Amino acid sequence: MVAVEARHRALGLTDEELEAIVARLGRRPNDLELAMFSVMWSEHCSYKSSRRHLAELPTSGTDVVAGPGENAGVIAIGEGLAVAFKLESHNHPSAVEPYQGAATGVGGILRDIFTMGARPIAVLDALKFGPPADPRTRALVRGVVRGVGGYGNCVGVPTVGGELVFDASYADNPLVNVMAIGLLEERHLTRAAAPGPGNLVVLYGSATGRDGIGGASVLASATFDDASAAKRPSVQVGDPFAEKLLIEASLELIEAGLVEGLQDLGAAGITCAVSETADRAGTGITVDLDAVPRRESDMAPFEVMISESQERMCAIVAPHRLDAVLEICSRWGLPAAVIGQVTADGLVRVVSGGLELAAIPAAALTSDAIVLDRVARPPVRTRLAPAPGAIGAIDRSADGLPERGMDPGAVLLALLGHANLGSRAWVTTQYDATVGADTVAAGEHGAAVLRIRHGRRGLVAATDAQAAVAGHDPWLGAAMAVAECVRNVAVTGARPLGVTNGLNFGDPGDPEAFWRFTESLRGLADACRAFGLPITGGNVSFYNASPAGAILPTVQIGVVGLLDDVARRVSPAFRRADDVIAVVGTASPGLAGSTYADVAGNAPDDGLPDLDLEREAALQRWLQSAARDGLLASAQDISGGGLAVAIAESSMWSGLGARCAVGVGSAPSVDLFGESPGRVVVTADPADRERLDMSAAAHGLPLEIIGEVGGARLVIELVRRGATGAAEERGSGVADAVDLPITDLEHAWRSALPRALGEET
Amino acid sequence: MRVGVVVFPGSNCDRDTLHAATLAGAEAVPLWHERPDLDGADVVVLPGGFAYGDYLRAGVLARFSPIMAAVREHASAGGLVLGICNGFQVLAEAGLVPGALRRNATLRFEHRWVRLTVERTDSPFTRAIPPDHRLRLPIAHGEGSYYLPHDELDVLEARGGVLFRYAAPEGNPNGSARDIAGVVDVGGRVCGLMPHPERASEALLGSDDGMLVLRSIVESVAIAGRAAVVA
């Protein structure tokens, strides 16, 4: 018995988990069964630590057609169409082998989309790395970016947006989160279920090999250490050409009505596909191991059952439709084989050579998998520890940073030249963003905008995180990420539809790390409730830690919105000279977590900005209404780098300068560079000024005209708050000014990333 | 007027090209690579993508597809053939247009909007383009650096074989010899073009200059059709 005990531990199962397995089976599992349990009960597949907390998230909405639990969330958008979208992480494989890790990350999320019956139309990638000057970071960035592009470009799905953030906490554990979006006719919605005993299980696509054995349990569910390089065989290898064929064949099968259910093979391979589809339909599946097409001849049964070979699909097919299914697979050059049959007994059985090798209730592997009750405990040291000697509350009117002698123009250039804020062109030029001929806006100028099937309507998508804020306060970081992402979509005039997310955290067995997880979920839920948006799916990635510590708690948010008329979308670039520039929303003090703090150093007693969820929701509603009324010539979200960077971007992207006067309090850095949420910069025709005022007021939002568009320079005068009249009358009220030619801004912004990565040419 | 768009396994601009050809006034039909038959198409387009995954070398496997025999026959009979991006690579590998497409000088995949000068507007692929009009089109390729030995480049230029060159302000994105973005064969009926005209089909998408190329082809076939009737 000692040998068996050792085996379950070697597979990553605890003694408690072995007991739970025995309780479900009513006997001890054999080796094959143990291997199947070990991958299905891994954190990656079972969500055993997170499941009960995820149940608290708001997931319902009138247009939600499919929510969490399916391969991707699906929301109806009218005219018989629906949009499928999901975000998923592929962190650990990318750390071990950046090109293949990132490539198969794209492949996996695309399969989740077309498994639902949707044609993938867009990819967004959210990447987090360590310091850009570190040679290892540079190698990871190059590999991951090439991997995302290498896969997405080949399958012909445009990569239209994303995020790239550098922070020391990601040095040994980069994050590769990929979001994919697809379009489908609602009537083609396909479930990953195996109904109808007697139906056949058809495996099509690549043959099964030894790659990715135990990826779910070995890579995704353990903390990184020096032995990680030895885990390289656990990384899957991607074949985007095979994926492209899979997409076309699968959509053809669905459109012809030939499949009863469809499931992609990802983590835990065949074991996961058959147990999940059977459990969803309340059926069982018997797998004939000998029928599985293999890449290698001498594979052990457990290897075949848990291999994570890429580019494979599993279809549930009625016997009379089998020939038609095989014909389509053959036309696309895809090997296909009947590997099993749906049964009524609720069991996943594995047979070979007439012998039964395994028999496990499908539910025991999936819906009835073990659920852990993890301990969450707030860190002992709180984020707002007062400085030694300080008494009482922190004065949040000042940011505590040295202001005297600050040259706001120099700070602005430093921020535009910051690796986290500069132009992403070095990355985005490596991604095909226009394949599909529906891309209206992509890349680095705000949210991505795609036409729907060459028509008038459009989809808007963005992905954001606020990990630096979450490092101080996980609730705020998560809620701010939702707020920013929704704002980025609403600022185009689109109606946000729903939220997907990638939750990236450390070891769930560490009570403080788990507290960060539960706090983040609370922030995510609170924000989505306040905005009336359903969470339609997502992904949890634990064990993002190295011997140096855990990553910042990172809630990556993805939002999709709907535009009734793409031609009327609002863009972030200024549109015309002489338009008035207005700030809508109220700033709050607190620079902790901001890019300014990263550049200028963080004062120990500095606070975080406030987030008013009701105000934020009002802003989202106003943006849609003002866009509908045609009031907005441009609209730009205020986030990274604050107001000054927002104005500078609108200016650079249009080639139009601006002359502004910004009221400042005791801390000009807060007014210019603070990243407090709930604010946008808009421009409007001067003739619309009164309507604009009234419209904002009707939504209870403060609106302040701060200047006008024009010229070839960006001028921001700092005016002591309360002063009125022309600049020369304010006298000593003029603290200082930004006064820079647009070309200087552009130079700083364009050279930021290549310089940081040592890729200047 | 019928445009046939070849679908190789791994083609990924076939749907975009079918759509743009329809916008240009053609009847557009997909042509499956396994059938050596052009379905009565007046013009054949080899679209962009990664035919056969571009494994081994871009375009090198696709040229052995059964349909390529029909394409070759169509070309030798004076039919119009346009290869876009991967289609250009296939035509070059098949020897239907001169030159080879090597890896970009940056050794990276490059997606960006570029400007093209049109070297001559008396070709079936450029006749609808106003004189001196520079085209704004996107590129999206890893292997698009046009190569020919110097003396052959001289010959190509002397016979008017260069139709499009990369131009300022964006300039040459991939290190192509003499900024060449598009060429025609000796007969002037087979054209290879690296940028994507089918993606620049409406101002909303950033440019509608691509329609000038597609409309040129539609016009050319219409004029040839009238000439044939008169003859």
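Biologist: How many residues does the contact take from chain A, and how many from chain B?
Modeller: The contact takes 25 residues from chain A and 24 residues from chain B. Two residues are in contact if their C-beta atoms, placed from the backbone, lie within 7 Å. This is a predicted model, in which local features need pLDDT of at least 70 and side-chain atom pairs count only at pLDDT 80 or more, while totals for chains, interfaces and linings use all residues. Residues are numbered from 1 along each chain as its sequence is written, and chains are lettered from A, with ligands numbered from 1, in the order in which they are written.

Biologist: Which elements of chain A give two or more residues to the side that touches chain B?
Modeller: They are helix H8 (135-155), helix H10 (240-255) and strand E14 (439-441) of chain A. Helices (H or I, at least four residues) and strands (E, at least two) are DSSP runs, numbered from the N terminus.

Biologist: How is H10(A) placed, and how far does it reach?
Modeller: H10(A) has 16 residues and spans 22 Å from its first C-alpha to its last, close to the 22 Å expected at 1.5 Å a residue; that expectation is 1.5 Å times one less than the number of residues. Of its 16 residues, 13 are buried, so H10(A) is largely enclosed by the rest of the structure. Buried means 20 or more other C-beta atoms within 10 Å of a residue's own, exposed means 12 or fewer, and partly exposed is in between, with C-beta atoms placed from the backbone. Just after the helix comes Gly257(A), whose phi is positive, near 70 degrees.

Biologist: What should I look for inside the protein?
Modeller: In soluble globular proteins, nonpolar side chains tend to be buried together. Here the largest nonpolar core has 324 residues, and Met36(A) and Val83(A) are among those with the most contacts inside it. Such a core is a set of buried Ala, Val, Leu, Ile, Met, Phe, Trp, Tyr and Cys residues joined through C-beta atoms within 7 Å. Leaving aside neighbours within four places in sequence, Met36(A) is in contact with residues including Thr271(A), Met305(A) and Leu365(A).

Biologist: And where does Val83(A) lie?
Modeller: Val83(A) is in strand E3 (residues 81-89) of chain A. Val83(A) is buried, because 28 other C-beta atoms lie within 10 Å. Not counting residues up to four places away in sequence, Val83(A) touches Ile75(A), Ile181(A) and Val560(A), among others.

Biologist: Is Leu326(A) buried or partly exposed?
Modeller: Leu326(A), found in helix H13 (residues 322-331) of chain A, is partly exposed, with 17 other C-beta atoms within 10 Å. Leu326(A) and Cys272(A) are 54 residues apart in sequence and 23 Å apart in space, C-alpha to C-alpha.

Biologist: What about Tyr166(B)?
Modeller: Tyr166(B) lies in strand E9 (residues 162-167) of chain B and is buried, with 23 other C-beta atoms within 10 Å. The C-alpha atoms of Tyr166(B) and Ile139(B), 27 residues apart along the chain, are separated by 11 Å.

Biologist: What does chain A contain as a whole?
Modeller: There are 26 helices and 28 strands in chain A. Of its 761 residues, 61% count as buried. Its C-alpha trace spans about 95 × 60 × 50 Å along the principal axes.

Biologist: What confidence does the predictor give?
Modeller: The complex has an ipTM of 0.96 and a pTM of 0.93. For chain B, the mean pLDDT (the predictor's confidence in each residue, from 0 to 100) is 95, and 99% of its residues reach 70 or more.
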